Amino acid sequence: PMLRVAIMGLGSYGTRVAKAMKTCKRAKLVGVISGTPSKIVDWQATYNIPKKNCYNYDNFDEIKNNPDIDAVYVITPNALHHDQVIRVAKAGKHAICEKPMAINAKDGEEMIKACNDANVKLLVGYRMHFEPNTLEVIRMRKAGEFGDIKFFQGQSGFKIGDPTQWRLNKELAGGGSMMDIGIYSINGARYMVGEEPIWVTAQETKTDPVKFKEGVDETIQFQMGFPSGAVASCLSTYAVSHLDRFYLNGIDGFAEMQPSTGYGPIKGRTHKGPLTEPIVTHQTVQMDEMAKIILENKKPEVPVDGNEAVKDLKIIDAIYEAIKTGKKVML
Ligand code: NAD
């Protein structure tokens with residue numbers, strides 16, 4: 001059987017996911033939820049979606065009565081994920097949600113509870129956990145090929161354009177670059193180092209307070225400490241383009257990836273040579289693997305569920321607190 005998915009939010013990433021799903025073996029796009037009737041008409045034609053599987057933001061709770069949809073993939077502005085995922089859960093459908101899962105850990109916990117109460121899965125679009133070169137570096141680290149890990153450097157950023165977009169609106173974005181792109185360095189630090197941080201420190205710089213209003217961070221530099229003594233030094237920014245690099249060093253070796261989290265191909269090398277795993281479309285593999293998790297009612301083998309997402313949100317909460325107080329924040 002195929003996992004029958006409806007996409008909520010037909011924007012740029014929703015479109016990318018829909019295209020990638022065309023070559024999925026286990027997942028199929030069968031429905032849409034959108035506030036724009038003309039987009040619904042376009043998507044119906046492009047993806048052969050029946051009228052009865054089309055909803056808007058007012059009526060999508062009725063998806064409850066639709067036996068032909070198994071899961072809803074929420075791909076809307078960050079601050080909307082919380083209420084939308086809870087409504088999806090209450091409609092008895094599995095939820096796949098884009099990153100950041102929510103704009104703070106408390107909201108994230110509420111989403112987990114709603115999905116648990118409704119007995120549906122909650123998975124988050126952390127596509128790097130399905131990317132072969134990333135998985136190879138994680139495998140090497142687990143096999144001890146880098147020796148004890150001492151240092152991680154994560155650099156995540158892009159130059160943001162249109163000042164009127166939702167990403168620069170605190171109400172919809174929940175923050176700035178950290179919520180959107182810095183989260184890749186947070187999640188990356190956790191999977192590259194293989195530990196959970198116990199403290200963070202952070203500093204914010206803002207060169208354009210007109211474009212980046214109160215509560216919308218332009219650039220944040222942050223540091224994390226891990227139980228083993230390993231440390232991470234990271235940068236999250238909306239101020240420069242092509243910032244997408246991970247560097248990991250242990251006692252015996254290193255891994256360097258650039259690009260490290262872009263749509264691909266992910267490139268890199270270790271002290272043993274170049275990374276040469278197959279190039280894949282991240283979203284195709286992600287949706288096939290998520291379909292398997294949901295259809296076979298399995299626990300994910302890679303950390304992409306709601307509990308893992310909340311770990312990132314707790315770190316983001318701590319980073320914002322560290323900036324506000326100027327102090328080291330324990331996790
Ligand atoms: P986008 O602006 O291109 O699309 C957002 C969609 O949400 C639009 O179609 C818009 O019409 C719709 N929407 C619904 N309610 C809205 C409202 N009240 N205000 C504004 N728009 C509303 O954004 P995007 O780049 O597709 O990002 C959507 C989500 O996907 C974000 O959470 C983002 O972090 C995530 N994302 C993830 C990746 C990834 O690689 N995993 C990449 C890009 C975006």
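Hi everyone. A quick definition before we start: when I give an angle between a helix and a strand, the axes are lines fitted to C-alpha atoms, and the angle runs from 0 to 180 degrees between N-to-C directions. Keep in mind that this is a predicted model.

With that in hand, look at helix H5, residues 132–142. H5 lies across strands S7 (149–157), S11 (243–250), S12 (254–257) and S13, and runs at about 165° to S12.

Those strands belong to an open sheet of nine, with mixed pairing, in the order S14-S13-S12-S11-S7-S10-S9-S8-S15. At the edges sit S14 (273–274) and S15 (329–330), each pairing on one side only. What joins S13 to S14? Two bridges do, and the two strands run antiparallel. Within that stretch, threonine 270 stands opposite glycine 273 of S14.

Now over to helix H9, residues 306–325, which lies across S8 (199–205), S9 (219–225) and S15. Its angle to S8 is about 60°.

Here is a little check for this crowd. H9 has 20 residues, so at 1.5 Å a residue it should span 28 Å, and its end C-alpha atoms are indeed 28 Å apart.

Which residues of H9 are buried? Among them are Val310, Leu313, Ile315, Ile316 and Ile319, along with Glu308 and Asp312. The buried residues of H9 pack against S8, S9 and S15, and also against helix H4 (105–117), strand S6 (122–124) and helix H7 (177–193).

One last stop: after H9 comes glycine 326, with a positive phi near 70°. Thanks for listening, folks!

Terms used: Residues are numbered from 1 along each chain as its sequence is written. This is a predicted model: local features need pLDDT of at least 70, side-chain atom pairs count only at pLDDT 80 or more; totals for chains, interfaces and linings use all residues. Side-chain values use heavy atoms; hydrogens and water are left out. Two strands pair if DSSP finds at least two bridges between them. Helices (H or I, at least four residues) and strands (E, at least two) are DSSP runs, numbered from the N terminus. Contact means heavy atoms within 4.5 Å. The expected span of a helix is 1.5 Å times one less than its number of residues. Buried means under 20% relative accessible area, exposed over 50%, partly exposed in between (1.4 Å probe, protein chains only).
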